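Reader: I have a structure to go through and don't know where to begin. Can we take it piece by piece?

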Amino acid sequence: MQHRQFKKIGTDVSLLGMGVMRLVQDAEGKIDEEAAINLIRTAIDSGITYVDTAYTYHGGNSEKIIGKALKDGYREKITLADKMPAWIAKDEEHMKSIFYEQLERLDTECIDMYLVHNITVPIWKRVKKLNVLPFLEEMKAQGKIKHIGFSFHDSFEFFQEVIDAYPWEFCQIQLNYMDKNLQAGVKGLKYAAEKGLSVIIMEPLKGGRLTDLVPPSIQQLFDDFPIKRSPAEWAFKWLANMPEVALMLSGMNAKEQIAENIKIMSDEHLNELSSEEKDLIDKVSDEYNRLIKYSCTECGYCMPCPQKLEIPKLIRYFNDWNVYHHNPSTKLEYTTWIADGRHASDCIGCKACEEKCPQSLSIAQAMKDTAKAFGV
């Protein structure tokens, strides 16, 4: 597998990293711990050297499972990343207790890459109020953190402000060929690289949206092109073609996905894209953006909803309804498979979700559109 290096840090990492936000769950929403541990170890045994988690993933179970998975010598094989959720901390002492809880959950004495999580304008204000960065510097001096960075979900202009506000060692942004101009975007990638920061990419497959159930019009574009590749390969190649990308995180939840992605990352021509291939990806991006009204990645930051709505799932059904030409099976699933029968029509428009959405989606309007489309 191809490897790249974090510039300021000097650490060599596999180009593909494992994000542990989307572990497989059963019908009750519980993670199969044994299977998850086996999956993480399979990824590491296959050559992945970077594992990323967060305090909020799976209610903290993600950190606990990683802690168990990294026993038996696996901790020494990888670079471990975790994040500080400043929006959860009630005060400065609570913020500190969250960090120590993370060390306990992970069962480790040191976190290699520690990020201020999900920076937006309001969260950045809270980071300053809680003195998060001075605390992280103290933890770094004590050897509990090796490197300080941040993950980001806001505008490019604000991204520049955050980059220039602190001597960060790395950052993490959302980027894929559909989100070229969303949030930090390609401009942010290049700006961070110019400042000497290594850039980690999250959502390279847009939460699986670029690979799962490819719409007919998109598939036709791929089929008509003389070079045949899987949707995942096209997405990864688009990013690998940019030398500013240090690492791509993929939320793999099956061994088949790990094997496929590692095979893609092992291609000696991974970094190469002709002008014709770039034109194809631009056409695919334009067609997707034409079809999808609400570009939700199902990150779950909008949850919980005061009305107990499963917001990401509701938006997904609405998008599928439009992308797949009003397929009756989509309506059947929507009306029968939503938890507790809480449909989009139950939205009261409080917009608490919109304040937390990294994509800045108009979720209240999305609920209205969804209720109109499905009649409930």
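Reader: Which side chains does the polar contact of 2.6 Å join?
Author: The side chains of Asp-12 and His-3. Keep in mind that this is a predicted model.

Reader: What else does Asp-12 touch?
Author: Leaving out residues up to four places away in sequence, Asp-12 touches Arg-4, Gln-5 and Thr-49 as well as His-3.

Reader: Where does Asp-12 lie?
Author: In strand β2, which covers residues 12–14.

Reader: And is Asp-12 buried or exposed?
Author: Neither. Its relative accessible area is 45%, so Asp-12 counts as partly exposed; buried would mean under 20% and exposed over 50%.

Reader: Different topic. How many residues of strand β5 are buried?
Author: Six of the six, residues 79–84, so β5 is largely enclosed by the rest of the structure.

Reader: Which residues are on which side?
Author: Thr-79, Ala-81 and Lys-83 are on one side, and Leu-80, Asp-82 and Met-84 are on the other. Both faces are covered.

Reader: Why the every-other-residue pattern?
Author: Because side chains in a regular strand alternate between the two faces of the sheet.

Reader: What is β5 joined to?
Author: Strand β4, residues 50–52, is joined to β5 by three bridges. Four bridges join β5 to strand β6, residues 111–119. Both pairs run parallel.

Reader: Which residues are the bridge partners of Ala-81?
Author: Asp-52 is its partner in β4, and Met-113 is its partner in β6.

Reader: How does the chain cross from β5 to β6?
Author: Through helix α3, residues 92–106, in a right-handed β-α-β crossover.

Reader: What comes after β6 in the barrel?
Author: Strand β7. The eight strands close into a barrel in the order β3-β4-β5-β6-β7-β8-β9-β10, with parallel pairing. From one strand to the next, the twist averages 30°.

Reader: How many bridges join β6 to β7?
Author: Six, and β7 is residues 145–152. In that pairing, Ile-111 stands opposite Ile-145.

Reader: Now the helices. Which strands does α6 lie across?
Author: Helix α6, residues 156–165, lies across β6, β7 and β8, and runs at about 160° to β7.

Reader: And what does α9 touch?
Author: Helix α9, residues 231–240, packs on the sheet and touches β3, β9 and β10. The direction of α9 makes about 155° with that of β10.

Methods:
Residues are numbered from 1 along each chain as its sequence is written. This is a predicted model: local features need pLDDT of at least 70, side-chain atom pairs count only at pLDDT 80 or more; totals for chains, interfaces and linings use all residues. Side-chain values use heavy atoms; hydrogens and water are left out. Helices (H or I, at least four residues) and strands (E, at least two) are DSSP runs, numbered from the N terminus. Buried means under 20% relative accessible area, exposed over 50%, partly exposed in between (1.4 Å probe, protein chains only). Contact means heavy atoms within 4.5 Å. A polar contact is a pair of N or O atoms within 3.5 Å; within protein, one must be able to donate a hydrogen and the other to accept it, and residues adjacent in sequence count only if both atoms are side-chain atoms. Two strands pair if DSSP finds at least two bridges between them. A crossover is right-handed if, with the strands pointing away from the viewer, the path from the first strand over the helix to the second runs clockwise. Axes are lines fitted to C-alpha atoms, for helices over the stretch in contact, and angles run from 0 to 180 degrees between N-to-C directions.
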